[in-house]
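Me: Could you walk me through this structure, starting with whatever term I need first?
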Amino acid sequence: MGISLFQKSLRDMISGMRSNRNNEEKYIQKTMEDIKKELKSTDMKVKTVALQKLTYLNMLGFDMSWAAFHVVEVMSTPKLLHKVVGYQAAAQSFNESTDVMLLVTNLIKKDLISTNPTERSIGLDCLSNIVTLDLARDLIADVYGLLSSSSAPCRKRSALVLYCCFLKYPDALRPCFKGLVEHLEDNEQSVVCSVVSVLCELVIRHPHNYLEMAPLFYRLLLSSTNNWMTMKLLKIFGALTPLEPRLTKKIAEPLKGIMQQTMAKSLLFECITTVCSGMTANEDIVEMALGHLKDFVLDSDPNLKYLGFKALEQFVRHIPQSVLRFGNAALMCLSTADPTIRSSALRVISGLVSKKDLKEVVVRILDHVPAADTAYRNELSDVVLKICRREKYALVSDFSWYLNVLVELARVPGSTHGKEIAFQITDIACRVEAMREDAVQAVRTLLIDPSVVEMAGEGGSIAEVLEATAWITGEYASCVEHPKETIESLLQPGILKLPCRVQAMYVQAILKVFVHVSNDLLCEDDDDNNDGGGGEEGEEDVEIDKNAVVGELSDLITAHVGQYACSPDPEVVERMSQLKAVLSLRTGDQASDGPTYRRLHSIISQELLPMSGKAQRKVPRPEDLEVVTPIMEEFYDEDVDGTAAEHEVGDGEAADGPEAERAAQFRSADAAQALTEATDEQRRHAQEHAKNQLKEHRQRHGIFYLAGEDKEAEGGAVDGDDGSAGLPEQSANSETGSADGALAGQQGGGMDSAYSKMRKKKSRHRKKSAVVEVRRDEDDGMAADSPVKQARNALDVNPLAPLESGEGLPEVEAYPTHYGAGEGGIPTYDAAPTTAMAAGPEADLIGDAAPREAKRGKEKRRRRKHKSRKHQQEDAGAEAAAE
Amino acid sequence: MTIKFILLVNKQGQTRLAKYTDEFLSVDERVMLEGEIVRKCLSRTEKQCSIIQHRNYKVIYRRYASLFFLVGVDEEENELAIMEFIHCVVETMDRYFGNVCELDIMFHIEKAHYLLDEMVANGTILDTNRTNVLTPLQMLDKQQQSS
């Protein structure tokens, strides 16, 4: 190509880029500027070369949409060599939003009717790349005309271009279709081939419409000598056979012939795919296809192996029983170097596995775990977990074995499946009563292994498994065989590195195990002798030994449990305090300790039962249930702060307190029946109390308030109206450990020391987590009392009755989540909050019974029935009031 | 239709030829797609299979000396047929350029494009007969020489 003296050719540009590797960007920028200048040249040669360079740069990721007009200019030159460059540029850069598209229509039209075959072919080719609805509509007649051209290359190209016109302009399909199909009898095989390609695409999109063409395709299949065309025809039959089973019989013979004769793997593979997609009912042909597939799977070429497994995946989906013989081959492939083949083989395996060979398969999968890299390890674990969990563990017959598999999986380094493993272990332990002992034994190996705790401490999902481990150990403490060892392992120092949630579970487990063992040892005199499950070294000897054993355990716990005091999590610290309190109940005298532990045990040992996810549906819906009426708007504000409510409720019309209240009552007339019973006086009490709480809060955290009003707060009574709003306040005080005389009076005499210890612990905790405390104060002081008090006035409230206006939301704050130990239960379980059971008893003994009792009531109720959250809160409120 | 794109990439990951059929991708999308696919393919060893799944494309690639030939196809296409097709392309290029190398394709990219256009039209394999493919190309060359 002649190029003006100063212009760089495409070759120069590429060489330049190669020699300017270090500042390529700059070089390209410079070139781009040159190109812009050159494109404006009037010399067509210069323009063309510039466009050629621009097209090359576009391929490397530089925009050329701005040059669309120049592209059209070059396209319109009469010189073929320039034209080709222009068409190439257009095909690469034009799309529907290109604004010069209109200019292209005529250009291409001219090319299509040209006598020069090259012009026709570049015109058609460009059209297929840039076709839009407008182009398709304007040019389809010309393209269709070319279908009857005398030149075979032109005919085959125009057939293919017709298809992309159909896509943009579907109306054209019907008038053109007959002409297209006529070319199936074209003299030129390549034209037939391209028409078949078009029909293949059409059939795959809408196989129904082309069923009646099956005989035609059948004839072509018999006569075809071109592998490319045979493959397309097989694809067509692959789409048609599922719709017309009789076709299967018809094409089985030719298909067999092809499979026997062909040397081409691609054609053979196409046959197998066709068999798989619609002919699985014909045993002969399936047998033959599987025979060939075996060669694929066992071939050393990774591509054939991969495709073999891909096809097997399809067969497994349709006829798993005939593919069973490939199980071994698939298992062998788990050690190949190619992750794609391995994944495919794993999918085949998981489709093939049956109840009988589950154990063997899982063992063989797990064999590959140690040598695998992290991603593959996780993939293997994932497959095992999914296979076994399928249809509620339908394939697992030996749960004891499976629990050990789960424990083994949990130990896989870098595992990301901790959550799933934890769920399955807990699930099995809960559902299968006979498995509980095995579960406790299985998790024991995790529990006592310090390396596991270390591994969890470094991050990774095994911490979740440990959480489940601790829960199972505590929940099924009766199956624990070595309490001392268990408690020791629950007190490992490494646990402090685990997430707080897990720590809390560990502390709770210690409590449960200890209480259970103590009960077993100390209380058996009253029952039949020695029938307790918690056997320990000296159990069957003398009674003093038993007492000593409990003492030993108690000392062990007391010595080490202090480590948890450092936890930043309030729940861990609280549970630790509870545990300490329970330990301090021990007097050393079996006669007095026995009943204490029995009582504790009776609370803890309530069994957690699995609950159906549909349980809620079985609770009949109360007829008068009203959930759409707004419940909060007026009421909430009114209670927390009377003045605020006056403004909102009164809406400017009434400034008087009681009047505003009455207005509010009218608004929520029916729903708030219980609340309307609350007298104005009580209401005012509530308001006053809320104000007092606020004052107290100010007093304590004065620095957070702006100067001015905090002085008056100093004189405010801390417990101004104990009488009316005592319960929540006590709760608040006891939780935060603030000095409150009333509390001391409520304590049982014997529990003094326990309580004081606990209080010390708690006050230490308070210093550490002042922020949490602030929240508690606000929660309790500001909002907690009002709903409880209101509910007091509605003692006869039916727990299932409709929600009362204004009762819902404040309660959420009245019982913040970190108070209720039950909140920390096994997350995946509906009915999990058994741990809450343990929170109840010692609280009871310590003395601040009422609010705790309320909490416990609430949790019990939650266990009993699945109610809506709002119902629950209402319920708990009523319970608190009842206390 | 079934072939969505053909890429020629060297082992440093530089695109030497890119041909998209069927659907239009913006420049940025192309660059991103090429980057992803090339990274995936280049990281594979010879012992691994040369078929990968990327987004909704099946990508089949073959390596010839320093050059990777990648073809992206839809779900229906036969992988082995595409492998054969790639080989056919390479043989045709070899016949045309005479012992084809990366530089031949770079410096004569318009010829390479034209050659591919003769073999693939509208995402479908049009012709795999070397003589048929090369005849129009050689005619064009003659014109160029005479001009």
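Reply: Buried area is the accessible area, taken with a 1.4 Å probe, that two parts lose on being put together, summed over both. Please keep in mind that this is a predicted model.

Me: OK, so how much do chain A and chain B bury between them?
Reply: Chain A and chain B bury about 4,800 Å² between them, and 58% of that area lies on carbon and sulfur atoms. On the chain A side, A:Met59, A:Leu81 and A:Trp228 lose the most area to chain B, together 13% of what that side buries.

Me: And how many residues does the contact take from each chain?
Reply: The contact takes 59 residues from chain A and 54 residues from chain B.

Me: How many salt bridges are there between chain A and chain B?
Reply: There are three salt bridges between the two chains, and one of them joins the side chains of A:Lys156 and B:Asp127, with 2.6 Å from N to O. As for the make-up of the chain A side that touches chain B, its residues divide into 29 nonpolar, 16 polar and 14 charged.

Me: Changing topic, is A:Leu583 buried or exposed?
Reply: A:Leu583, which is found in helix α31 of chain A, is buried, because its relative accessible area is 6% and the cut-off for buried is under 20%.

Me: Which residues does A:Leu583 touch, leaving out those up to four places away in sequence?
Reply: With those left out, A:Leu583 touches A:Phe514, A:Ser554, A:Ile557 and A:Thr558.

Me: And what about α27(A), is that mostly covered or not?
Reply: Helix α27 of chain A, residues 462–475, is mostly covered, as 13 of its 14 residues are buried.

Terms used: Residues numbered from 1 in each chain as written. Chains lettered and ligands numbered in written order. Predicted model: local features only at pLDDT ≥ 70, side-chain atom pairs only at ≥ 80, totals over all residues. Heavy atoms only, no water. Contact = heavy atoms within 4.5 Å. Salt bridge = Lys/Arg side-chain N within 4 Å of Asp/Glu carboxyl O. Nonpolar A, V, L, I, M, F, W, Y, C, P; charged D, E, K, R; others polar. Helix = DSSP H or I, 4+ residues; strand = E, 2+ residues; numbered from the N terminus. Expected span 1.5 Å × (residues − 1). Buried < 20%, exposed > 50% of the residue type's maximum accessible area, 1.4 Å probe, protein only.
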